[in-house]
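Visitor: Please take a close look at the sheet in this model, and say what can be read from it and from the space beside it.

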Amino acid sequence: MLTVRVGDLRIVQGSDQLTLYQWNTGIARHYFCRQCGIYTHHQRRRDPLQIGVNVGCLEGVDLTEFETAEVRNGSLDP
């Protein structure tokens, strides 16, 4: 997960393939791919000026190159 400020995230391709999911207060905005269902990013409820980005779904990004990244493959175990 990478945090960016609203306005600093630019989707350059595939935005028409995203679907929005909201619940409860409607403040948090969660986006998923319409084709495969992967979670791509969300606007946070606790700070609506922040966006959490699922870096693992970005093409060309190697998570092992991040020195401080904790990589998990869907497991809650460390």
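**The sheet and the largest pocket**

Guide: In this predicted model, 5 strands make up an open sheet, ordered S1-S5-S4-S3-S2, and their pairing is antiparallel. The edge positions belong to S1 and S2; each has a single partner strand, so one side of each is left without a neighbour in the sheet. On average, and with direction ignored, neighbouring strands of this sheet are turned by 25° against each other.

Within the sheet, strand S3 (residues 29–33) runs antiparallel to S4, and 4 bridges join the two. Opposite Tyr 39 in S4 stands Phe 32. In general, strands of a sheet pair through backbone hydrogen bonds, either parallel or antiparallel.

Next comes the pocket. The largest pocket holds about 550 Å³ of space. Its lining counts 20 residues, and those closest to the pocket's centre are Ile 11, Gln 13, Thr 40, Cys 57 and Leu 58. Two elements of the sheet, strand S1 (2–5) and strand S4 (39–43), give two or more residues each to this lining. Sorted by class, the lining of the largest pocket has 11 nonpolar, 6 polar and 3 charged residues.

As for confidence, the chain has a mean pLDDT of 86, with 87% of its residues at 70 or more. Among the elements of the chain, the lowest mean pLDDT is that of S1, at 90, and the highest is that of strand S2 (residues 18–21), at 96. Where pLDDT is low, the predicted coordinates should not be read in detail.

Definitions and conventions:
Residues numbered from 1 in each chain as written. Predicted model: local features only at pLDDT ≥ 70, side-chain atom pairs only at ≥ 80, totals over all residues. Heavy atoms only, no water. 1 Å grid on protein atoms, 1.4 Å probe; cavity = no way out; pocket = protein on both sides within 12 Å on 5 of 7 lines; lining within 4 Å. Points joined across faces, edges and corners; volume = space filled by probe spheres on them. Nonpolar A, V, L, I, M, F, W, Y, C, P; charged D, E, K, R; others polar. pLDDT = per-residue confidence, 0-100. Pairing = 2+ DSSP bridges. Axes fitted to C-alpha atoms, helices over the stretch in contact; angles between N-to-C directions.
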